[in-house]
Amino acid sequence: MNPKNRYFCVESFLIIAILLILTYLYLGIERDCDDVIKVQKAGGIRDITEQGLNATEMENLARFAVKEHHKYVNCIIKFHRLVKAREQVVTGKMYHLTLEAKDGRVYEAKVLVKPWMNFKKLQEFKAIQMSRSVNKIVL
């Protein structure tokens, strides 16, 4: 094989490999433990309550939301438990947290997190109703 052709083949292979890696990184493709490929797109909200994510971290975010809410409203809410956690990819991650207070009331908080900037901010905190008969959340 001609040396020029050999270099052309190697260069072509490297360019294709680099393009595939860049496409892989750009699309944000990640693999689950059971080798199922999923793509996380910006703007979509996904449920993370049942996933293997750090429950303590989500609970800490819920406690942060309650603490921040206390700064702006003259109402004391005592955190009891995290009911549901969802995340949305934005410029950072927006966490939609459903939490229950010790008095039985249910609230939804939105917390924006940008870890690369060490930034965390409560975006919204509101009470939601809970159906007592079937113990389900009514949004």
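In strand 5, Arg81 finds its bridge partner in Glu100, and this pairing is a convenient way into a model that is predicted. The bridge belongs to a set of ten that join strand 4 to strand 5 (residues 92-101), two strands that run antiparallel. The protein chain as a whole has 139 residues, of which 26% count as buried, and its secondary structure comes to two helices and eight strands. Read from the N terminus on, these elements follow the order α-β-β-β-α-β-β-β-β-β.

**The chain as a whole**

- The accessible surface of the protein chain amounts to about 10,400 Å², and 56% of that surface belongs to carbon and sulfur atoms.
- When contacts between residues at least 6 apart in sequence are taken together, 34% of them join residues that are at least 24 apart.

**Strands 3, 4 and 5**

- Strand 3 (residues 45-47) is joined to strand 4 (residues 79-90) by three bridges, and the two strands run antiparallel.
- Within that pairing, Arg46 has Glu87 of strand 4 as its bridge partner.
- On its other pairing, strand 4 forms a hairpin with strand 5, and one residue lies between the two strands.
- Besides the bridge between Arg81 and Glu100, the pairing of these strands includes a bridge from Gln88 to its partner Met94 in strand 5.

**Strands 5 and 6**

- Strand 5 and strand 6 also pair in the antiparallel sense, in this case over eight bridges.
- Met94, which is the partner of Gln88, has a further bridge partner in strand 6, namely Leu112.
- Lys93, for its part, stands opposite Val113 of strand 6.
- The hairpin made by strand 5 and strand 6 has four residues between the strands, and Gly104 in this hairpin takes a positive phi near 95 degrees.
- Strand 5 is largely enclosed by the rest of the structure, because nine of its ten residues are buried.
- Strand 6 is likewise mostly covered, with eight of its nine residues counted as buried.

**Two buried residues, Ala109 and His69**

- Ala109 is found in strand 6, and because its relative accessibility is 0%, under the 20% limit, this residue counts as buried.
- Leaving out residues up to four places away in sequence, Ala109 touches Ala65, Tyr95, His96, Leu97, Leu99, Leu122, Glu124 and Phe125.
- One of these contacts is with Phe125, a residue that is 16 residues apart from Ala109 along the chain, although the C-alpha atoms of the two are separated by 4.3 Å.
- His69 has its place in helix 2 (residues 55-72), and with a relative accessibility of 13% this histidine also falls under the 20% limit and therefore counts as buried.
- Once neighbours within four places in sequence are set aside, His69 is in contact with Ile77, Leu122 and Phe125.
- Leu122 and Phe125 thus appear among the contacts of His69 and also among the contacts of Ala109.

**An exposed loop residue, Asn118**

- Asn118 lies in the loop between strand 6 (106-114) and strand 7 (119-131).
- Although Asn118 is not a glycine, this residue has a positive phi of about 55 degrees.
- Asn118 counts as exposed because its relative accessibility is 74%, and exposed residues are those over 50%.

**The largest pocket**

- The space in the largest pocket comes to about 220 Å³.
- This pocket is lined by 13 residues, and the closest to its centre are Glu57, Tyr95, Val113, Lys114 and Pro115.
- Helix 2, strand 5, strand 6 and strand 7 are the elements that give two or more residues to the lining.
- Sorted by class, the lining of the largest pocket consists of six nonpolar, three polar and four charged residues.
- Two of the residues closest to the centre of the pocket, Tyr95 and Val113, also appear above, since Tyr95 is among the residues that Ala109 touches, while Val113 is the residue of strand 6 that stands opposite Lys93.

Notes: Residues numbered from 1 in each chain as written. Predicted model: local features only at pLDDT ≥ 70, side-chain atom pairs only at ≥ 80, totals over all residues. Heavy atoms only, no water. Buried < 20%, exposed > 50% of the residue type's maximum accessible area, 1.4 Å probe, protein only. Contact = heavy atoms within 4.5 Å. Areas by Shrake-Rupley, 256 points an atom, 1.4 Å probe, with all protein chains shown as cover. Pairing = 2+ DSSP bridges. 1 Å grid on protein atoms, 1.4 Å probe; cavity = no way out; pocket = protein on both sides within 12 Å on 5 of 7 lines; lining within 4 Å. Points joined across faces, edges and corners; volume = space filled by probe spheres on them. Nonpolar A, V, L, I, M, F, W, Y, C, P; charged D, E, K, R; others polar.
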